[in-house]
Amino acid sequence: FQPSVSSSESTRLARRLVSRVIGHRQGEYEGVTGGMPAQVAQSRLIEGNLGWVELATLLVVALVVALRFRAVGAAALTIGAVIGAYLVSERLVALFGRTGGITLPAEMGPVLVVLVMGVTTDYSIFFVSRFRMLLQQGSDPREAARTVVRQITPIVIAAGVTVAAGTASLLVASLRFLHDFGPGLAAAVLVAMLTASVLVPAGLAVGGRRLFWPHAAGGARDEEGARGADAIDDMAEAQATASWGDAQAAEGTPGAEREGSPRAERSRAGAPRFSPARLAARHPIVGLLVAVVLVLAGASGLRQTAVGNELVQGLPHGSEPRLAYAQAERGFTSGVLAPTVLLVGERRIGDLRAQLMRLQALLEAQRGVALVLGPRQQQPPARLGLAAGRLGLAPARLRLAPTRLRLAVSKDGNLARYLLFLTSDPLGARGLSRVRALQGRLPRLLADAGLAHARPLLGGDSALSVDIVDATLTDLGRVMPVMLLAIFAILAIYLRALVAPAYLVLTSLLAVFSALGLTVYVMQDLLRYGQITYYVIFTVAVLLVSLGSDYNVFLIGRIWQQGRRRPMRAAVEVAGARAARPIALAGIVLAAAFALLAIVPLRAFREIAFAMTVGLLIDAFIVRAILVPALVSLVGPRSAWPRTLSGERSERPDAQQARGAL
């Protein structure tokens, strides 16, 4: 096709050729395959299943919220916020694309859906939980709504800015589709943050106690509801006091616990009797070892990671491009889908026929190469026309003028071309490895063929995939330090500390390693995919680090608030256990949302769905529930450096007196 023909148009023309010219007879197979038809099929599958992803996500959100609060109104309010956030973010991202000349990848659609809906649900849950708690304490609905805004908004802003900063770091990527991916995700997260901060409190003020029908939000509380509300209530107070500082907390920041108050007594009593965070605080070394062993066990799968481009093989088995490729693979070789093109340039290289023939023989002898077409197949124009006539093909009818057909040598004689057909999938991990190896051996092969001064260039879909895969992994190494630095800066400003943000950011990487390793074990090995799609690694790493830092905001602020009244280890024991429930709920909501990406029948989306689901659960139930409490307990009050928490200051004279007695 001419370069101006689009992928969809070329696919349409190829199918018309099959239906109008080739036809079908019994026992024959006709199909259209290749990179362009695969791209068209992939885009149609994404667009066709996007609505199902949206609907399933809304149903899961409604179910989780309704079960959590046992109230229809709370679920309806959350769904309203989720729909509003998604509609605004979708239009904002489209506006960025039109005004900024940004071409957003089709893969962004489903990821955008689950990210916005999941994040908005998490933020809405914290608003609604705090509001219900205040109503249960007898507060007026309007006053309760104002208190919710004052106490919960700092949490949501800090969390939203953290996630947005993480995704916006994609701007430093060199690949265009990755570079364009970042601003869209960051804008979507900020829209979710603002929507939850504005729409949910307004809905709470208007709906009041009616939102919690059929279970009243006032009067006596059942024990389970009280525990759940207290956990999120304390977490909210922690973030409010952590963001305003010790002095304001001492002066009576709304929601702060006072000595002798019933809530302070409940805090001293601790949280649930059995909690991984409590055990990790009491036995930090054991907790650290257990968490690290569990995480590294999953991460061990990274050693055997094979990365490829599953453009065709990632399609459903019944799709035409994949089915046609399977037929072509059986009839010819796996590499027939996308031959690797080798261009060799040198002045008047067409006259060096013996050297060109020798190079073709050397290329055919390379490992993984099934067939090479080149100067050996170059036919004089007259003989080519005669061969076409014997086959009943009129060159004029086919719009192929024999004098213009240059298979191996260019018209000016300065460029030679070879088509290399591999024995393996040319876009798969093994095929890309073969192309990399060939690229490294080309100078030696040219010298052996007597073409030491020629300039080699590799082209074709396989060589292009090598460049894209390598550039994506290189961009990951460029983006990740920027992301970690941005998240560290936000946590340091929010907590006014330098030590804790440093190790908190690094713990987020452990969940990424473990999730990707488990994905290799399950998808690549157990399900026999044979490889992982190259952009899955990038997407999962960026999202997990960003969302894991979101949980850091929820957890460490609670520990900071408790640390103002008691030693660090005791603060971790109480705060970690009581914050475990909201963090677990947030992790389950986001994990369920990302699991729905598996609705899109593409391998890459199922890999993302599995990796994100496992990674979020590991982050919530191992990293934040065990590893972080153990680390904070081991590091102790130095975590708050250069600050000193008031709880540690109050303990210092007693500690000095005890050391003096010893």
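In the predicted model, Arg282 and Glu573 are joined by a salt bridge whose closest N and O atoms lie 2.9 Å apart. This pair connects distant parts of the chain, since Arg282 belongs to helix H10 (residues 276-282) and Glu573 to helix H19 (residues 568-595), with the two positions 291 residues apart in sequence. The two partners fall into separate accessibility classes: Arg282 is partly exposed, at 46% relative accessibility, whereas Glu573 is buried, with a relative accessible area of 16%. Glu573 counts as buried because its 16% falls under the 20% limit for that class. The contact also belongs to a network of salt bridges, in which Arg278, Arg282 and Glu573 are linked.

A search of the whole structure returns 14 salt bridges. Another salt bridge is formed by Arg146 and Glu143, with the closest N and O atoms at 3.0 Å. Both residues lie in helix H5, and because they are three residues apart there, about one helical turn separates them. Each partner is partly exposed, with relative accessibility of 49% for Arg146 and 36% for Glu143. A further salt bridge brings together the side chains of Asp619 and Arg624, at an N to O distance of 2.5 Å. Both Asp619 and Arg624 are buried.

Helix H5, which carries the Arg146 and Glu143 pair, also takes part in a helix crossing. Two packed helices are described by the angle between their axes and the distance between the axes. For helix H5 (residues 141-168) and helix H18 (residues 534-563), the axes approach within 8 Å and cross at roughly 160°. H5 is therefore roughly antiparallel to H18, as angles over 145 degrees are placed in that class. The crossing of H5 past H18 is right-handed.

A contact between positions remote in sequence is also found for Gly308 and Ser433. Their C-alpha atoms are separated by 9.3 Å, although these positions lie 125 residues apart along the chain. Gly308 is part of strand E1 (residues 307-308), and Ser433 is part of helix H15 (residues 429-448). Gly308 is buried, its relative accessible area being 0%, while Ser433 is partly exposed at 41%.

On the surface, a nonpolar patch is formed by Trp52, Leu55, Leu59 and Ile599, which together have about 410 Å² of accessible area. Of these residues, Leu55 is located in helix H2 (residues 35-69). Leu55 is classed as partly exposed on account of its relative accessibility of 43%, a value that also meets the requirement of over 30% for membership of a patch.

Several backbone features were also identified. Most residues other than glycine have a negative phi, and most peptide bonds are trans. Against this background, the peptide bond between Trp213 and Pro214 is cis, with omega at about 10°. Pro214 is situated in the loop between helix H6 (176-207) and helix H7 (223-244). A cis peptide bond likewise leads from Trp641 to Pro642, with omega near 10°. Pro642 is placed in the loop between helix H20 (603-635) and helix H21 (646-661).

Positive phi values occur at Arg496 and Arg528, neither of which is a glycine. For Arg496, phi is about 55°; this residue sits in the loop between helix H16 (461-495) and helix H17 (499-526). With a relative accessible area of 37%, Arg496 is partly exposed. For Arg528, phi is near 60°, and the residue lies in the loop between H17 and strand E6 (532-533). Arg528 is exposed, because its relative accessibility of 72% is over the 50% limit for that class.

Terms used:
Residues numbered from 1 in each chain as written. Predicted model: local features only at pLDDT ≥ 70, side-chain atom pairs only at ≥ 80, totals over all residues. Heavy atoms only, no water. Patch = residues over 30% accessible without salt bridge, like charges linked within 9 Å, V, L, I, M, F, W, Y side chains within 5 Å. Areas by Shrake-Rupley, 256 points an atom, 1.4 Å probe, with all protein chains shown as cover. Salt bridge = Lys/Arg side-chain N within 4 Å of Asp/Glu carboxyl O. Helix = DSSP H or I, 4+ residues; strand = E, 2+ residues; numbered from the N terminus. Buried < 20%, exposed > 50% of the residue type's maximum accessible area, 1.4 Å probe, protein only. Axes fitted to C-alpha atoms, helices over the stretch in contact; angles between N-to-C directions. Parallel < 35°, antiparallel > 145°, perpendicular 65-115°, else oblique. Left-handed = near helix turned anticlockwise from the far one by under 90°.
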